[in-house]
Amino acid sequence: MSSSPSLSARGSRLALLAVALCWLAVLFDGLDMFIYGSVLPHLLETKTFGLTPDQAGDLGSYATFGMLVGALTAGTVADRIGRKKLMIGCVTLFSLASGVCAISGSVEVFGLGRTLAGVGLGGLLPTAISMVSDYAPRGRAAIVIGLLMTAHHAGGILSAYVAKWLIEPAGWRAAFWVCVAPLLFAPVLAKMLPESLSFLVAKGRDEEARALAARYDVELPATAERKTAADRFDALVGLFRGGEWVQTLLYWLASFGGLLLVYGVATWLPTLMRGEGYRLGSALTFVVVFNLGGIVGMLVAGRAADRFGAPRISAIWFALTAAGVFLLSVHMPTGVTMAVVFLTGVFLNSAQTMIYATVSIRSTPDSRATAVGWTSGMGRFGAVFGPWLGGQLLAAGHGDWGFTAFALAGVSSMVFIGIAALRGSGSGARRSAGQELVAAH
C-alpha cells in the first residue's frame, strides 16, 4: 500500500494512539492483577474476615482460575462481538469486580470479586495484543508487542505504590477502590479505539477494513481460512502422534512449573518478604523492584533468544530464576536483596515467555497456534496452583519453605524445557512468532 508522506505521518500518529490506548488498558490489567498480593500482608496481619494463610492462597487462585476461563473464552467471544467490544467489556468487568472486593463483608464475596476480575484480566491481554499487532507500524509488530507487555509490569509497580500510600491512612478497601477507576477509561476506549482489522476482514467487512488500513497507514491482514472444529481437533491430535506426545508433555510440564512460579511469586512476594523480617514498606518496595526487572527482562530476552536460541535461553533463565528465588529465603543486606529481587524479575517472566518461543519455533505452521495455545492453557493450571501452594505452606507453619518450593518449580521447568530442547533439536522450522509467544503468557 502506498501512501503520501502526510498520510504516513498522520497514520503513525493514529497508530500511536491505538497502541497507547491498549498500553493503558494493560497497565490497569496489571494493577488489578497485582493489587491482591500488595495488600495481602495487611489482610493477614489484621486478620481481615478472619483470613488464614490457606484461605489467602485459595483467594489468590480464584483470580488465576478466572484468568484461565477468560483466556480460553476470549477468542470465541471476540469472534462474535469484535475485539474492541471485548476489550471494553474486560475493562468494565475487572473494574466492577474490584468494587465488589472493596465493599465485600466476607471471604466468599471477596472471592467472587477476585474470580470475576480474573475473567476480565484473562480476556484482556490476548485481545490487546491482537489489537496492537493490527495497528503497529510496519515491521515493528514484535517490538510493539514487547512494549505492550511492559505495561503489565508497570501495573504491578503501580499496585505497590497504591498499597504503600493508601493502606495506612485509608485502609485496604481504598486500594481496591482505586482499581475501580479504570471504569472511567471504558468510554475512552469506546470513543477512540478503532476495531481490529483482523476482525473486520474475518467478518467480510472489507470496505471498512480498507478504509481503516488507509487511515492508519498499516498493512491490511490477509484473509485467513477459518478452521472448523474438526480441523482444530486434528491439530491437537497431531501434537501426540508418533513420538510427539513426549515432546508435547515436556512443554506442558515446563509451562506448568513456569506459571506456578510466576503467579506464586507475584501473589506471595510481599508476604514472604514480611516473613523474612522486612517491614511492610520495604516488602512493597520489593514488588516495585521485581516488576522493574520484569520490564527489563521482556526487552532483553528476545534479543538474547535471537542470538543464542530460545530453548537455551529459557533453560538458563529458569536456572537463574531458581537461584534468585532460593536466595530470597536468606536474610541478606537490603541492598543485596534488592539486587537479587531485580535480577529474579528480569529472568522469571521472560523465562516463561521463552517456553512459548521454543514451542512456536519447533512447531509446523499448521500446528503452531494449537501447540502454543495448549502449552499456555496447561501452564494456566500452574498459575492456579502457585498461589494455593504458598497459602498451604504458610498455613502449615512452613512459610520459610515458600521460596524453596518456588525455586524447585523453576528447576523443574529448566529440566523439562532442557530435555525438550535436546530431543527436538533440528526439528521444526525456525520462524518468527512474536504474536503467539507473547500473547500466550
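**Exercise 1. Cysteines**

Work out whether Cys 22 is buried or exposed in this predicted model, then find how many disulfides the structure has.

*Solution.* Start with accessibility: Cys 22 has a relative accessible area of 1%. The cut-off for buried is under 20%, so Cys 22 is buried. Next, apply the distance test, which asks for two cysteine sulfur atoms within 2.5 Å. The count comes out at zero disulfides. Take Cys 101 as a worked case: its nearest cysteine sulfur belongs to Cys 179 and sits 8.8 Å away, so Cys 101 is in no disulfide. Cys 101 is buried too, with a relative accessible area of 1%.

**Exercise 2. Salt bridges**

Find how many salt bridges there are, and say where the partners of the Asp 32 bridge lie.

*Solution.* The count is three salt bridges. In one of them, the side chains of Asp 32 and Arg 114 come together at 3.2 Å, N to O. That pair ties distant parts of the chain to each other, with Asp 32 in helix α1 and Arg 114 in helix α4, 82 residues apart. Now check the surroundings: Asp 32 is buried at 0% relative accessibility, and Arg 114 is buried at 1%.

Arg 210 and Glu 207 form another bridge, at 2.6 Å, N to O. These two are three residues apart in helix α9 (residues 206-216), so about one helical turn separates them. Helix geometry helps here: an α-helix has 3.6 residues a turn, so residues three or four places apart point the same way. Arg 210 is partly exposed at 41%, while Glu 207 is exposed at 59%.

That leaves Arg 205 and Glu 208, bridged at 3.1 Å, N to O. Arg 205 is partly exposed at 35% relative accessibility, and Glu 208 is partly exposed at 36%.

**Exercise 3. Rings**

Find how many aromatic pairs the structure holds, and describe the geometry of the Tyr 36 and Phe 110 pair.

*Solution.* A search of the whole structure turns up twelve aromatic pairs. Tyr 36 and Phe 110 make one that is tilted, with 6.1 Å centre to centre and 45 degrees between the planes. The pair spans distant parts of the chain: Tyr 36 is in helix α1 (residues 5-45) and Phe 110 is in helix α4 (residues 107-135), 74 residues apart. Tyr 36 is buried, at 2% relative accessible area, and Phe 110 is buried at 1%. Zoom out a bit and ring pairs link Tyr 36, Phe 49, Phe 110, Trp 172 and Phe 176 into a cluster.

**Exercise 4. Helix α14**

Check what the ends of helix α14 say about its expected span, and locate its bend.

*Solution.* Helix α14 covers residues 334-362, which is 29 residues. At 1.5 Å a residue it should span 42 Å, and the end C-alpha atoms are 42 Å apart, so the two agree. There is still a bend of about 30 degrees, at Ala 351. The helix is mostly covered, with 22 of its 29 residues buried. Thr 358 is in α14 and counts as buried at 0% relative accessibility. Beyond four places in sequence, Thr 358 touches Tyr 251, Ala 310, Pro 311 and Ile 417.

**Exercise 5. A long-range contact**

Find which residues Phe 416 contacts outside its sequence neighbourhood.

*Solution.* Phe 416 lies in helix α16 (residues 402-424) and is partly exposed at 24%. Skipping neighbours within four places, its contacts are Leu 250, Leu 253 and Ala 254. The C-alpha atoms of Phe 416 and Ala 254 are 5.3 Å apart, although 162 residues separate them along the chain.

How values were computed:
Residues numbered from 1 in each chain as written. Predicted model: local features only at pLDDT ≥ 70, side-chain atom pairs only at ≥ 80, totals over all residues. Heavy atoms only, no water. Helix = DSSP H or I, 4+ residues; strand = E, 2+ residues; numbered from the N terminus. Expected span 1.5 Å × (residues − 1). Bend = angle between axes of the 7 residues up to and from the residue. Buried < 20%, exposed > 50% of the residue type's maximum accessible area, 1.4 Å probe, protein only. Contact = heavy atoms within 4.5 Å. Phe/Tyr/Trp six-rings, centres within 6.5 Å; stacked < 30°, edge-to-face > 60°. Salt bridge = Lys/Arg side-chain N within 4 Å of Asp/Glu carboxyl O.
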